[in-house]
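Visitor: I am new to this structure. Please take me through one part of it slowly.

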Amino acid sequence: MRTHLNALSAVRNLGILAHVDAGKTTVTERILYATGTTHKRGEVHDGTTVTDFDPQERDRGITIFAAAVSCVWDGHRINLIDTPGHVDFADEVERSLRVLDGAVAVFDAVAGVEPQSESVWRQADRHGVPRIAFVNKMDRAGADLDTAVASVRERLHPAPLVVQLPIGAEDAFTGVVDLVRMRALVWADGGDGVQEGPVPEELREEAARRRRLLEEAVAGLHPAALEEFCDRETLSEATLAAALRDVTRDGDGVVVLCGSAYRNRGIEPLLDAVTAYLPSPLDVPPVRGTGGDGEEQERAADPAAPLAALAFKVNATPTGRLTYLRLYSGTIGKGDTVWDAGARRAERIGRVLRVQADRHAQVDRAVAGDIVAVVGLKSARAGSTLCAPGAPLVLEPPGVAEPVVSVAVEARGSTETERLASALARLAEEDPSLVVRTDPETGQTVLSGMGELHLEVAVERMRRDHGIDVNVGRPRVSYRETVARGVSGQVFRHVKQDGGAGQFAHVVLDVEPLEEGVSGFEFRSAVVGGRVPQEYVRAVEAGCRDALAEGPLGGHRVTGLRVTLTDGSTHVKDSSETAFRTAGRLGLREALRASAMVLLEPVAEVTVTVPGDAVGGVLGDLAARRGRVTGSAARAGAAVVTATVPLAELFGYATRLRSRTQGRGTFTARPTGYAPAPAVVPAR
């Protein structure tokens, strides 16, 4: 037992998070190279990376699918997940963060915090994942560590604890001063490995000043460090390192390092920081779930405890269906029988695999704290809990965002219709953020996702992986409906007699909008005197939720409202949960038709980076797209414009921007919610 726990303390389950093009995949490749896992440096621009192994990732030069790899550094096993940076694949990041214990946030030394950097940071905040920051691309023109750190402080609001001082700037960047151990680390051009030496004479005064600032910042966050600082007016190396570890794991501060992954500078100290500061499975709180008796239970990271594992990714390969698992407790091995708590069925483990992106090595067993893939599971989906048959437990699955863009798809040949349906079902099984439905009016098959690129990738996978040629309609956004002015005292009676037991339910509903900017649905009961029993109240709520699927304006999902059940009555024989659920559904539909409704359209925060001489044309184009400019700034010789733009107006914007700026303009778009649509926007 002690051996297993010692081994767990040397495990790090780590994610790499960043905005697209900040260098996540290059950082991952250099980590694999530095740890001896690979013997050649993979390059994104050459299509030779380990983690971006899918043909589309190599063609597009971006990460699309979260890829897991495993390596060893200084006696520690690091299970690493390289996550996508594009906003269309934010759900891949969400599922990864759900199973990680720590993360490295990568920032561009020129751009600092970019829109998707902020989004993934907020995702990590929601999951309570401790982070360290790596300011990458220090060799680029305009790179500045202090400016990047200032943007982290201003936009993300952590306490950045800078533990390095760059040696050289921009193209002359050659190394860093380690402010914790007060030593210089230098990387030679074309050479492997780092050379350690004393702090250069010309940087000693600045290094001492920054070490003092680091000590003061840490003392303000850590009681033991503050006590020593007050007594000695300085911190020892051991106290500083221990305090940095505690502050990072508690989420009170973020250790900041810097380097240039492309030139292989700064990777070794980054790995040292991962093992020193980020938590092991033993350092995170026990996972919580719902037991078979409905009570909340905890499972500690103990190989001897009953099995509890969460499936976070499913991948269909030519050799079988891979299910990626994070083991929170217990062990799992080839031939074991496990219980799928969601599907309520037993499954048998065929093989257990240690994953190296698209390559796999079979292992005998996996224990608590491991991230592995297994073969043989038929029912498990992303979010499924696997547990010991005699100790059932359901873990909270990762959240799935609602899709915002849809396209109609159809097979070009009538003989391929069934193959298309099978391919779509497999895509939705692998990626829960893809939704497939049939339009009730047109009979078309509609594929919905998180953005244009997300759907392009899905269609290309059907063509490339499944050999199906498909016709694709124009993209359409997913509208919503909400209540502008509700109704009170809406009475609905559901009475049905068709022989035998009848149905009777009487409900009185109040409908009102939620507070401005709040989405979702709230249900309350104000019934007194037991006029509607509690089990029927729950049935009314379920019926109301059913009614939200189609609003009165155009059949879109309804959001942003509160429904209160104020009164009702029952029949001694004919009332049932089914009758009250029907009354809730039909009663709310009537109430919505009597309310003042508003059509909502998805909007996005757009950040456009263009040369200064192109700003005027870009602003005019954004205004023509119903955009509202929210800010502008100058950065590294370019202008950065931020605006809020309806998502429907952004289709084809990339091509338009390139033509207006002679190919020099770039933009990112991050969905930020819904806003009222003008009357001219069609509801369908």
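Visitor: How many salt bridges does a search of the whole structure find? After that, please look closely at how helices pack against each other.

Guide: The model is predicted, with local features requiring pLDDT of at least 70 and side-chain atom pairs pLDDT 80 or more, while totals for chains, interfaces and linings use all residues. Numbering starts from 1 along each chain as its sequence is written, and side-chain values use heavy atoms, without hydrogens or water.

The search finds 41 salt bridges in the whole structure (a side-chain nitrogen of Lys or Arg within 4 Å of a carboxyl oxygen of Asp or Glu). One of them joins the side chains of Glu94 and Arg126, at 3.1 Å from N to O. Glu94 belongs to helix α4 (residues 90-97) and Arg126 to helix α5 (residues 115-127), so this pair ties together parts 32 residues apart in sequence. Helices (H or I, at least four residues) and strands (E, at least two) are DSSP runs, numbered from the N terminus.

Now the packing. Helix α13 (residues 534-547) packs with helix α14 (residues 577-594) at about 40°, and their axes lie 7 Å apart. Axes are fitted to C-alpha atoms, over the stretch in contact for helices, with angles from 0 to 180 degrees between N-to-C directions. That angle makes α13 oblique to α14 (not under 35 degrees, over 145 or from 65 to 115). In contact (heavy atoms within 4.5 Å), α13 contributes residues including Tyr536, Val540 and Cys544, and α14 contributes residues including Phe580, Gly584 and Leu588. Charged residues take part too, among them Glu535 and Asp546 in α13 and Arg581, Arg585 and Arg589 in α14.

A second pair is helix α7 (residues 204-219) and helix α9 (residues 237-250), whose axes come within 11 Å and cross at roughly 55°. α7 and α9 are therefore also oblique to each other. Here Arg211, Leu214 and Val218 in α7 meet Glu237, Leu240, Ala243 and Leu244 in α9.

As for confidence, the protein chain averages a pLDDT of 85 (the predictor's confidence in each residue, from 0 to 100), and 91% of the residues score at least 70. Helix α3 (residues 55-60) is lowest, at a mean of 54, and strand β11 (residues 254-258) highest, at 96. Over residues 1-5 the pLDDT is below 50.
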